[in-house]
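The following paragraphs guide a new reader through the arrangement of several helices, the enclosed spaces and some details of the backbone. Please keep the sequence and the model in view while reading.

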Amino acid sequence: AALAMVCAKKKEAPKIPAIQAPVYGGTFRVCQDVPQTLDPAFVDDVYESSIIHQIFDGLLRFDVNLNPVPALAESWTISKDKKTYIFKLKKGVKFHTGRELRTQDFVHSFTRIFDQEIRVPTIAQEHLKIIKGAQVYLQGRAEKIAGLWSKDDYELVIELEYPSITFLSVLAGDNAKVVPQEEVERMGGQGFGDHPVGTGPFRFVSWEPGEKIVLAAFNGYYGGRPYLDSLIFYVPVNYSDDKSASDFRKGLLDMTYIPIGEWKDFEKEKEYKIIKRVGMDLEYLGFNLATRPFDDPDFRRAIQFAINRKRLLSLGEDQFIEATGIFPPGIPGYTLSPKVLPFDPQKARALLNNKRYSIEYWTVTEDVELYENDYLLVEDLKAVGIDVVMKGTGWLEFDRGIMGKRVPMFSLGWVADIPDPDSFLFSLFHSHGSNNYFNYKNERVDNLLEEARREWDPQKRIGLYQQAEGIILEDCPIVPLDHTINTYALKSYVNGVEMSPFGMANLPMGKIWFSKDKID
């Protein structure tokens, strides 16, 4: 009878956790290095992109898989010859000032990128100069850009000089965000960069230099008010990943980049959420070819032979992928076959003819003891006859140094601005590339990159970029080191994080929300 009673008992249904609906409220806090400007026309690093992405919108945006999708553009059509685009804007979109967006705002935003007051090439110019008449305007030979005009308040027409397979991706990038002309003119270029006004989910509130940048939810956002009340970007002068991680553990931040070699420790701490995503980037060692002895290609190749890249990567606990060339995984043209010179100290010494050299090496940190990989690199070079003097700096000094082309040797990471091989070659290695920190010039490379931009056939186009990559690696203006596996820790109450291969640079914080118990 007892057995019958036990068998007759109903089995309890397993408890299914209730799905929590997003709630409003809370302040999302992160820590990062100092941006130089918040004007989208001039953005050139991830620290600026991460903030600009929250304040501004463009015609298009990237989704989590880096496909260009509608943002301020409701729809668009492309002509049969693939040179004319007509974009229809969404109605009712407001700037943070309350004024409604019109197509003329895009005409102004794109035109100002080519204004004469901008004396140096920018990434924005490189990508948008294919608009018909843009280069003529840049040269001061026209009063407006011929291929850019408003059909009416809600239809924008853009004509290109030639078909471009990447043009829609370019329009999803940070440089193609829309700005209000009256605010730029009222504050001036520098003023607008310090007090930006856009149409994005968050509006600018304040910037305390060396302390923090505060953004607040924009109640009039066309996509609906963001869940969070505000964002705080802490921007200390002496930023480091270690400081960010320490403040995160103290409860001062809601998200942090996990420092090299620490992600396993973070995974053990069950109260955190961990996000890992292969980045669309390249970490490299760069040389200034206009300085001695880096003007000698054999000296540069000797450095490449001298570096034990596998030993450098071993410090990262699976947070890096060894670079086989310039392109990272996920970029068309990437292959697993190694194209970088292997570790061979004997060949390095032979190229140096057993001479000793002394060089200066810049790295981004005020405290060089934080970066063991730099010391391993110095050790490798010393073993073949190259003595290295390390110069640790903050990001702003470092950025000004490489942009001014006065740094002899440095390590740096490059994050793509569009998911395309062009993003890793043109800006960095074309003779007139806006981020050619190396004083690198090769006419054949220039011709291949320009031809690739005009090629519509994907297979032929990738072949041109691969040819250019091979020549660049032979010339050795850089030593490709690795590609980052972006690894972040979130507090358990943080939800809605959509991390793309661009990492923090493309994180849509308007979708983030806190669990109800955190708000309560």
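The crossing of α15 and α16 is left-handed. This statement concerns a predicted model, and the geometry of the pair can be set out further. The axes of α15 and α16 are 11 Å apart, and the helices pack at an angle of about 135°. That angle makes α15 oblique to α16, because it does not exceed the 145 degrees over which a pair counts as roughly antiparallel. On the side of α15, the residues that meet α16 are Asp 422, Leu 425, Phe 426 and Phe 429. Their counterparts in α16 are Val 445, Asp 446, Leu 449, Glu 450 and Arg 453. By class, this contact of α15 with α16 comprises 5 nonpolar and 4 charged residues, with no polar ones.

Helix α17 packs with each of these two helices. Helix α15 covers residues 422–429 and helix α17 covers residues 458–475; their axes lie 10 Å apart at an angle of about 50°. That makes α15 oblique to α17. The crossing of α15 and α17 is left-handed. From α15, the contact draws on Asp 422, Leu 425 and Phe 429, while α17 contributes Arg 461, Tyr 465, Ala 468, Glu 469 and Ile 472. Here the residues divide into 5 nonpolar and 3 charged, and no polar residue takes part.

How are α16 and α17 oriented to each other? Helix α16, residues 443–454, packs with α17 at an angle of about 160°, and the two axes are 9 Å apart. An angle over 145 degrees counts as roughly antiparallel, and α16 and α17 are therefore roughly antiparallel to each other. The crossing in which α16 passes α17 is left-handed. In α16 the contact involves Arg 444, Val 445, Leu 448, Leu 449, Glu 451, Ala 452 and Arg 453. In α17 it involves Arg 461, Leu 464, Tyr 465, Gln 467, Ala 468, Ile 471 and Ile 472. Of the residues in this contact of α16 with α17, 9 are nonpolar, 1 is polar and 4 are charged.

Attention may now turn to enclosed space. The model holds 2 cavities of 30 Å³ or more. The largest cavity has a volume of about 100 Å³. Among the residues lining the largest cavity are Asp 422, Arg 453, Arg 461 and Tyr 465. Asp 422 also belongs to the contact of α15 with α16, and Arg 461 and Tyr 465 to that of α16 with α17. The lining of the largest cavity further includes His 127, Ile 130, Tyr 162 and Ile 418. Its residues fall into 6 nonpolar, 3 polar and 3 charged.

The second largest cavity contains about 30 Å³ of space. Its lining consists of Asp 39, Pro 40, Ala 41, Ser 109, Arg 112, Ile 113, Asn 175, Lys 177 and Val 179. Sorted by class, this lining has 4 nonpolar, 2 polar and 3 charged residues.

Two details of the backbone complete the account. Most residues other than glycine have a negative phi, and most peptide bonds are trans. Against this background, Leu 66 has a positive phi, near 70°. Leu 66 is located in the loop between β2 (60–62) and β3 (68–70). The peptide bond between Arg 292 and Pro 293 is cis, with omega about 0°. Pro 293 occupies a place in the loop between β13 (281–287) and α10 (297–306).

Note on methods
Residues are numbered from 1 along each chain as its sequence is written. This is a predicted model: local features need pLDDT of at least 70, side-chain atom pairs count only at pLDDT 80 or more; totals for chains, interfaces and linings use all residues. Side-chain values use heavy atoms; hydrogens and water are left out. Axes are lines fitted to C-alpha atoms, for helices over the stretch in contact, and angles run from 0 to 180 degrees between N-to-C directions. Helices (H or I, at least four residues) and strands (E, at least two) are DSSP runs, numbered from the N terminus. Angles under 35 degrees count as roughly parallel, over 145 as roughly antiparallel, 65 to 115 as roughly perpendicular and the rest as oblique. A crossing is left-handed if the near helix is turned anticlockwise from the far one by less than a right angle, and right-handed if clockwise. Contact means heavy atoms within 4.5 Å. Ala, Val, Leu, Ile, Met, Phe, Trp, Tyr, Cys and Pro count as nonpolar, Asp, Glu, Lys and Arg as charged, and the others, Gly among them, as polar. On a 1 Å grid over the protein atoms alone, a cavity is a set of points where a 1.4 Å probe fits but cannot get out, and a pocket is an open set with protein on both sides within 12 Å along at least five of seven lines; lining residues have an atom within 4 Å of a point. Grid points are joined across faces, edges and corners, and a volume is the space filled by probe spheres set on the points.
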